[in-house]
Each structure stands twice: as structure tokens, then as C-alpha cells.
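Open the model in your viewer and set it to a cartoon view with side chains available on demand. The stops below go from the sheet to the cores and then to the aromatic rings.

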Amino acid sequence: MKPLKIYIAGRYSSTNIIDGLRNIGQGRKVAADLFELGFAPFAPWWDASFVIDNPGGHYSKQMFYDASLQWMEVSDAVYIISGVGDGGGVDAEIMRAGELNIPIFYKLDDLLRWADIKFI
């Protein structure tokens, strides 16, 4: 059976670089954990590599947001790790997932229980 596609949503940017880097690290860590559990995760924090590896690229925040949403829209579920109620991208992702009837999870245990049911 194919691995379930899980879109990970959470806080990305911050008012200071240290917290922004922590957010990126947390998101990437969760993606690695889900991958090790057998999922096919998508983590928007991987976008940081586009800029770091190609500093002369002409990117905008909107370009990354639009591309990430394309992945969310074909995901089997959305896993929220932070940023709910901030009025930012996570809230918009939750709204869009709801419009598309994509299951949304806030706790890993709930996601794992749902995945077990999907595999049966």
C-alpha cells in the first residue's frame, strides 16, 4: 500500500531569526519523524533550502505559499503542529483543508489511529 500523504502545517516565520530557525527545525523534525513512521510527509519548511541553496533566486513568500497549498490539496490529511489562531498561513491552511474535506489532526496519536483505520 502507498504511504499516506501528510501535509504538515505550522508556524514558519517569526519576529526574530532564532525563533524562525527553531520553527523550521521543528517542522523538519516532525517531517522526519513521520517519514520514519512510514508516511509520505510534505513540510513547507523545506522551502528554506530553495533560498539557502540558491541565494540569487527570485522568490516571493507568495510563490512558496501557493506551491505548498498545491501539495496540501492532494494530501490525505493535514497535521497541525503550531500556529493555530495566529491569523496567518496555518489558519488559512486549516480553512482550505476543511473546504476540501481533508482530515485535520492536532495530535500525533489521533493521526496514527486514523492511519491505522485507513490501512485496514
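Start by selecting residues 5-9, which form strand E1. This is a predicted model, and E1 pairs with E2 in the parallel sense over 3 bridges. To see the register, pick lysine 5 and look across to alanine 40, its bridge partner in E2.

Now widen the selection to the whole sheet. It is open, has 4 strands in the order E2-E1-E3-E4, and its pairing is parallel. At the edges are strand E2 (40-42) and strand E4 (104-105), each of which pairs on one side only.

Next, add residues 17-36, helix H1. H1 lies across E1, E2 and strand E3 (77-80), and runs at about 160° to E1.

With the helix in place, show the side chains of the largest nonpolar core, which has 18 residues. Select Ile6, Ile8, Leu34, Phe39, Tyr79, Leu111 and Trp114: these touch the most other members. Two or more residues come from each of E1, H1, E3 and helix H5 (108-119). H1 gives the most, with 4 residues.

Centre on tyrosine 79 next. Apart from its neighbours within four places in sequence, its contacts include Ile6 and Ile8, Val30 and Leu34, and Leu108 and Leu111. Phe105, Tyr106 and Lys107 are also among the residues in contact with tyrosine 79.

A second core, separate from the one just viewed, has 11 residues. Select Ala9, Phe42, Val78 and Ile94, which are among them.

Stay on Phe42 and turn to the rings. The structure holds 8 aromatic pairs. Tyrosine 7 and phenylalanine 42 form a stacked one, 5.7 Å centre to centre with 15° between the planes. Tyrosine 7 is in strand E1 and phenylalanine 42 in strand E2, so this pair ties together parts that are 35 residues apart in sequence. Are these two residues buried or exposed? Both tyrosine 7 and phenylalanine 42 are buried. Add Trp46 and Trp71 to the selection: ring pairs link them with Tyr7 and Phe42 into a cluster.

For another geometry, go to phenylalanine 50 and tyrosine 59, an edge-to-face pair at 6.4 Å centre to centre and 80° between the planes. Phenylalanine 50 is partly exposed, with a relative accessible area of 44%, and tyrosine 59 is partly exposed as well, at 32%.

Finally, colour by pLDDT. The protein averages 92, and 98% of the residues score at least 70. Confidence is highest in E3, at a mean of 98, and lowest in H5, at 88.

Key. Residues numbered from 1 in each chain as written. Heavy atoms only, no water. Pairing = 2+ DSSP bridges. Contact = heavy atoms within 4.5 Å. Axes fitted to C-alpha atoms, helices over the stretch in contact; angles between N-to-C directions. Core = buried A, V, L, I, M, F, W, Y, C linked by side-chain atoms within 4.5 Å. Buried < 20%, exposed > 50% of the residue type's maximum accessible area, 1.4 Å probe, protein only. pLDDT = per-residue confidence, 0-100. Phe/Tyr/Trp six-rings, centres within 6.5 Å; stacked < 30°, edge-to-face > 60°.
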